[in-house]
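Let's take a stroll through a protein fold, one piece at a time. Keep the picture open while you read.

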Amino acid sequence: MSRIKQIEITPIAFRDPPLLNVYGVHEAWALRTIIEIKTEDGNYGLGESYGDEQTISQLRQVAPHLVGMDVFNVNAIRNKIESVVTLPDPNSGLDIAPGTLGATTVPRIFSAFEVACLDLMGKITGRPVCDLLGGKVRNEVAYSAYLFYKFERHGFTEDPWVDTWGEAVTPEQIVAQAKKMIDQYGFQSIKLKAGVFEPEQEIEALEALREAFPNLPLRIDPNGGWTVETTKRLLDKFGNGLLQYLEDPVHGQEAMGQVSSMTDIPLATNMYVIGFFDIPKAIKLDSVQVILSDHHYWGGLKATQELAQLCKTWDIGLSMHSNSHLGISLMAMTHAAAAIDNLTYACDTHYPWQEEEVIVGGKIPFKNGAVVVPDKPGLGVELDRDALAVLAKNYENCGIRARNDVAEMRKYQPDWKGTVPRF
């Protein structure tokens, strides 16, 4: 009764504010895909993945080949995916790091189905997903306030949607954004997305955050936007324990290794260690002291556990990266984090920036910046089919088929390049 009868692949779009980063600015709509695996006995499991056309086509290509397979036999499911999936066009823009398309495609596609299978296994056995991963080592999973420089509103749309967060381009506005987010969610650490303005201006924002929140750990993420020389010049400004860690200040593992040799501040990455194939080089160069995992491209929840064991062996810190996502991904992250004892940093999440949901009951609540690990079977969430239909209609009508921060920024600044490093 645990065999796959049907798989539904539903692209969706939901509102996204004009959040700034080193590459440009978020478009008005974020794209995701909801995966629903149904078994012969009427159970269903949920997964959530990227919403670009390439990923959607690969998910749809693979899905028919999984019908009839046992949801508990995820090894066979992965082997099947590997045997049938078509690697994307090298010019598709999905190459998370140059030259990695072949090594990242199967983990990316498998993850979407693995999460849905684990949700199903939990429902079939009556156990939460974290139990299937070995049992929880914590009752709640901490997340960090994820701050962005941002425009007041999207400037090139007639959509009447009101962005309630307002403009944030000065240190004072960043502090106001942090206060609003922490008041609402109770976060106990703060991360600032950087690489937008001159580094000294962004450090002013960090210092303002330190003054406003003297007891909360701070992080900054320029997304590889600084040169080694710029970073070296800035290191003294991060003294006196200003930073918990410095995320991707420079571009590439070699540059990260150079910076690492100059400072005792831990360097974190989600950009330059994106798969197991990157681990040997990272260890050799000592280029990273904290890996920000992401089950969406590392290969699922069990692969995240395997990464955790490698990090424990090599004394590397571990946390989680985030992209624009909804509650299915948030709960998958939460169950994985709940079962990993050496995940010692609060995880990233874009969740406060998203207003809409596809799960029954609406948005998942936070308690003092943490998500309580549910005891319900599976992921602990159910699909709101009316909400799914609305977001699917958004996808049909929004006109966006792949995220492109560079093209969106060129609407504001026609000569925008979006290349790194910038400073």
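Below we look at a sheet, a helix, a hairpin and a single aspartate.

First, some ground rules. This is a predicted model, where local features need pLDDT of at least 70 and side-chain atom pairs count only at pLDDT 80 or more, while totals for chains, interfaces and linings use all residues. Residues are numbered from 1 along each chain as its sequence is written, and side-chain values use heavy atoms, with hydrogens and water left out. Helices (H or I, at least four residues) and strands (E, at least two) are DSSP runs, numbered from the N terminus.

**The parallel sheet**

Seven strands line up as an open sheet in the order 7-8-9-10-11-12-13, with parallel pairing. Strand 7 (145–148) and strand 13 (317–320) are the edges, each pairing on one side only. The twist averages 25° from one strand to the next. (Two strands pair if DSSP finds at least two bridges between them.) Strands of a sheet pair through backbone hydrogen bonds, either parallel or antiparallel.

Here are two strand pairs to compare:

| Strand pair | Sense | Bridges | Citation |
|---|---|---|---|
| Strand 12 (residues 290–293) and strand 13 | parallel | four bridges | |
| Strand 4 (residues 29–39) and strand 5 | antiparallel | seven bridges | |

In the parallel pair, Ile-291 stands opposite Leu-318 in strand 13.

**The hairpin**

Now for the antiparallel pair: Lys-38 sits opposite Tyr-44 in strand 5. The hairpin of strand 4 and strand 5 has four residues between the strands, and Gly-42 takes a positive phi near 95° there. Seven of the seven residues of strand 5 (residues 44–50) are buried (under 20% relative accessible area, 1.4 Å probe, protein chains only), so strand 5 is largely enclosed by the rest of the structure.

**Helix 11**

Helix 11 (residues 301–313) has 13 residues and reaches 19 Å from its first C-alpha to its last, close to the 18 Å expected at 1.5 Å a residue (that is, 1.5 Å times one less than the number of residues). Its buried residues are Leu-301, Ala-303, Thr-304, Leu-307, Ala-308 and Cys-311. They cover an arc of only 150° around the axis (going by the directions from the helix axis to the C-beta atoms), so they sit on the same side of helix 11. Just after helix 11, Asp-315 has a positive phi of about 55°.

**One aspartate**

Is Asp-405, in helix 14 (residues 405–412), buried or exposed? Asp-405 is buried, with a relative accessible area of 7%. Its side chain makes a polar contact with the side chain of Arg-403 (2.7 Å). (A polar contact is a pair of N or O atoms within 3.5 Å; within protein, one must be able to donate a hydrogen and the other to accept it, and residues adjacent in sequence count only if both atoms are side-chain atoms.)

Technical notes
Buried < 20%, exposed > 50% of the residue type's maximum accessible area, 1.4 Å probe, protein only. Axes fitted to C-alpha atoms, helices over the stretch in contact; angles between N-to-C directions.
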